[in-house]
Amino acid sequence: LGMEYVTGPYGIARAGYRWSDYHSISFGAAFGLTKRGTLFQAGWSFPTEGGKNTEWSVGLSYRM
């Protein structure tokens with residue numbers, strides 16, 4: 001469950017709530033060509049339950 005806000009032709013901001021083995025809240029951003037092209041992505045999530053570690057992610061995608 002989440003949302004994505006396109007900040008312009010070169011950026012995206014993201015936030016969401018994830019549940020699988022444990023629940024977490026995530027934030028992220030992407031920079032690049034938002035309509036058609038390459039996006040560099042980064043994200044961070046933290047658990048809403050105790051005892052779990054935070055997670056970082058980086059990625060690269062291409063939108064057609």
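**Reading ring pairs and strands**

Tutor: Four aromatic pairs are counted here. Rings of Phe, Tyr and Trp (its six-membered ring) pair if their centres lie within 6.5 Å; planes under 30 degrees apart count as stacked, over 60 as edge-to-face and the rest as tilted. This is a predicted model: local features need pLDDT of at least 70, side-chain atom pairs count only at pLDDT 80 or more, and totals for chains, interfaces and linings use all residues. Residues are numbered from 1 along each chain as its sequence is written, and side-chain values use heavy atoms, without hydrogens and water.

Student: Are the rings of Tyr17 and Trp19 stacked or tilted?

Tutor: A pair of aromatic rings is described by the distance of the centres and the angle of the planes. For Tyr17 and Trp19, the centres are 5.9 Å apart and the planes at 40°, so the pair is tilted.

Student: What about Phe27 and Phe46?

Tutor: Their centres are 6.4 Å apart and their planes at 20°, so this pair is stacked. Phe27 lies in strand β3 and Phe46 in strand β4 (strands are DSSP runs of E, at least two residues, numbered from the N terminus). Ring pairs also link Phe27, Trp44, Phe46 and Trp56 into a cluster.

Student: In what order do the strands form the sheet?

Tutor: Strands of a sheet pair through backbone hydrogen bonds, either parallel or antiparallel. Here five strands form an open, antiparallel sheet in the order β1-β2-β3-β4-β5; two strands pair if DSSP finds at least two bridges between them. β1 (2–8) and β5 (55–63) each have a single partner strand, so one side of each lacks a neighbour in the sheet.

Key
Helices (H or I, at least four residues) and strands (E, at least two) are DSSP runs, numbered from the N terminus.
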